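Morning, everyone. Let me put the next structure on the screen, and then I'll walk you through it.

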Amino acid sequence: MKSLRNFSIPLLVLLLATAGCDEQEILQEVPLDFASPENSFVTINDFNSALFSLYDLTRLTLSDGEHRPLDYIYGTDLGYNGAQQLNVRFGSYPATLTPNSDPARFHWQQYYKIISSANIILSRVAKSKLTAAQQKLIEAKAKLFRGHSYRNLAHLYGGVPIELEAVSSPKTDYTRATREQVYQQAATDLEFAAANLPGINQVKDGEITNLAAQHILAEVYISLKRYPDAIKAASVVIDDPNTALMQGRFGSRSGEPGDVYWDLFRRFNQNRGAGNTEGIWVFQYEVDVLGGVIRSSSKEGPQLERDCAPRPYAFPYKDPSGQTPFLTLGVSDYTGGRGIGRFRGTDHYTYGIWGYDWNDMRNSEYNFVRDVLFNNPKSSWFGQKISDHMAMFRQRTDDTIRNFYPYQSKVTTPGQHPSELFVDPVLKTLNASATGTTYTDQYLIRLAETYLLRAEANLGAGNLANAAADINVVRARAKAKLVTAAEVNIDFILDERMRELGVEEKRRLTLNRLGLLYERTRKYCNGHPTAAKFGVDVAPHNNLFPIPFSEIERNTGAVLQQNPGYASK
């Protein structure tokens, strides 16, 4: 959707809306030729512009760039920082997760920016001259963003302050609500959104809908142990006649070798406009247009390729003729594009979860790349597999930790990078401007996850047969071995989420809400000798983020309690 892809509005405009003179003051000038508190929220277009800012902020927090969005996967049971960087990207928990660290501060501030902006919209819409229907729609959209933000804050930090009013002057007496109270507030907002947002067939690609609200609400209900309500909310999404798991080949490369799971992640295939009935909420991206992905900038788009794909172009080894078998530039093929090999998957993610059924479609050669062809035409080994010469390419630690390792092809776009990035369009070598951006729209919510949420709710309610049935809908699409009711537990569901979603998932949110980040990361990441060497030293208190010290320090009117295990200063 072009309006959602290409528009963002500075928060300053929204914040200005809370300032201004009291109605009783003498000066009542109303500027007509520039934005002001008096004229910023008048028409429906004004409110939509403010809502576009919430889309933009949410996308920035969860998807844009190579730093903070990837906080959700680094240092989890999915993978670790293989670049030996102890002080960033969760290379070492004691070094990177402190009350003064960027991860703790950024996510807190971003979610409260969204909440503050939503509160401003809500305070203005109630006093506007919009029709009742327009007011309700604006309220529903703002409450979805606010409820989603409170849900994520509760997952990450536990109990946090709840603010439901627009704040126009400094406030320094915040106290923490309980985690349950924060989830309750999220549920209240999301219930209103679910009841009043339009259906998924009534909106343009990328817009939020009642089904997005229901999906998020189902997860909140699970957090509140309201399992029957969670099942009901998830069922609304699953049973909607406009949604279905994709079962057959479709989209931009459906005529090439591959499978339906591979098609889900090819360029231009994520939205309903492409015939995709599985995407529930999809972040929209355009390349090098105002408001879209601007390479080499703060809005460089999703960077999954950069961090998660390997870098075989860095191998120093040569064939018998003296040529490097891999081209020394990144290539738009299965070797990983402009990946730099920083996020290394755990053995559990890479191998362990597939032991249940190695022939699972999601583990096919198209979807989990485990072998690649040498791509240098000058090499005597051109077209041969790296596996045919594996001993040569396993001489140093970096060879298997960074230069080449199994990875999900969904992080890159082999053969589909924008043409202007090619140094040589025949070889498909990529120039430095490619940066490692993943040039596809990005799923935030996909129907397959809704099935797995309902399975989790059924597990919580003691309905193991129903939980297995939900999991098996997802597994059947992957032509994988079906699970029995007796095999279903939370670890199986978490493994299934890993198989289906992988790095697509904001894994830290899932593990934090379940209180299992420490247990699963220590078991599957810290237990790996290389991961331990590179500092994945997670501790029990890391199941929650610390409250940023800057927030504690400025809250002089009340005590903002720190989470256990973290320093108070």
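How many of the five residues of strand β2 are buried? Five of the five. Strand β2 covers residues 279-283, and with every one of those residues buried, it is largely enclosed by the rest of the structure. One caution before I go on: this is a predicted model.

Stay with β2 for a moment. Which strand is joined to it by four bridges? Strand β8, residues 442-446. The two run antiparallel. Take V282 if you want a position to look at: its bridge partner in β8 is Y443. A general reminder while the strands are up: in a regular strand the side chains alternate between the two faces of the sheet.

Now the loops. Two residues have a positive phi without being glycine, so let me take them in turn.

F268 comes up in the loop between α10, residues 260-263, and β2. Its phi is positive, about 75°, and it is not a glycine. Is F268 buried or exposed? Exposed, with a relative accessible area of 56%. The cut-off for exposed is over 50%.

Next, T435. Look in the loop between β7, residues 429-430, and β8. Here phi is about 60°, again positive, again not a glycine. T435 counts as buried, at 10% relative accessibility. Buried means under 20%.

One more loop residue: Q84. You'll find Q84 between β1, residues 79-81, and α4, residues 93-96. Its relative accessible area is 47%, so Q84 is partly exposed. Where does sequence distance come in? Q84 and R342 are 258 residues apart in sequence. In space, their C-alpha atoms are 8.9 Å apart.

On to charges. How many salt bridges does the count come to? The count is 40. I'll show three pairs.

Pair one is D71 with R68. Their side chains meet in a salt bridge at 2.6 Å, N to O. D71 is buried, with a relative accessible area of 2%. R68 also counts as buried, at 16%.

Pair two is D189 with R146. This salt bridge is 2.8 Å, N to O. The pair links distant parts of the chain. D189 sits in helix α7, residues 179-196, and R146 in helix α6, residues 132-157. They are 43 residues apart. D189 is buried, at 1% relative accessible area. R146 is buried too, at 5%.

Pair three is R520 with D491. N to O, the salt bridge is 3.0 Å. R520 lies in helix α18, residues 517-526, and D491 in helix α16, residues 490-500, so the pair ties together parts that are 29 residues apart in sequence. R520 is buried, with a relative accessible area of 1%. D491 counts as partly exposed, at 27%.

Last item, the network. Which residues do salt bridges with shared partners join into one network? The acidic members are E278, D360, E496, E500 and E504. The basic members are R362, K410, R446, R475, R477 and R499.

Let me go back to where we began. Strand β2 has five of five residues buried, and four bridges join β2 to β8. That's my tour; over to you.

Key:
Residues numbered from 1 in each chain as written. Predicted model: local features only at pLDDT ≥ 70, side-chain atom pairs only at ≥ 80, totals over all residues. Heavy atoms only, no water. Buried < 20%, exposed > 50% of the residue type's maximum accessible area, 1.4 Å probe, protein only. Pairing = 2+ DSSP bridges. Salt bridge = Lys/Arg side-chain N within 4 Å of Asp/Glu carboxyl O.
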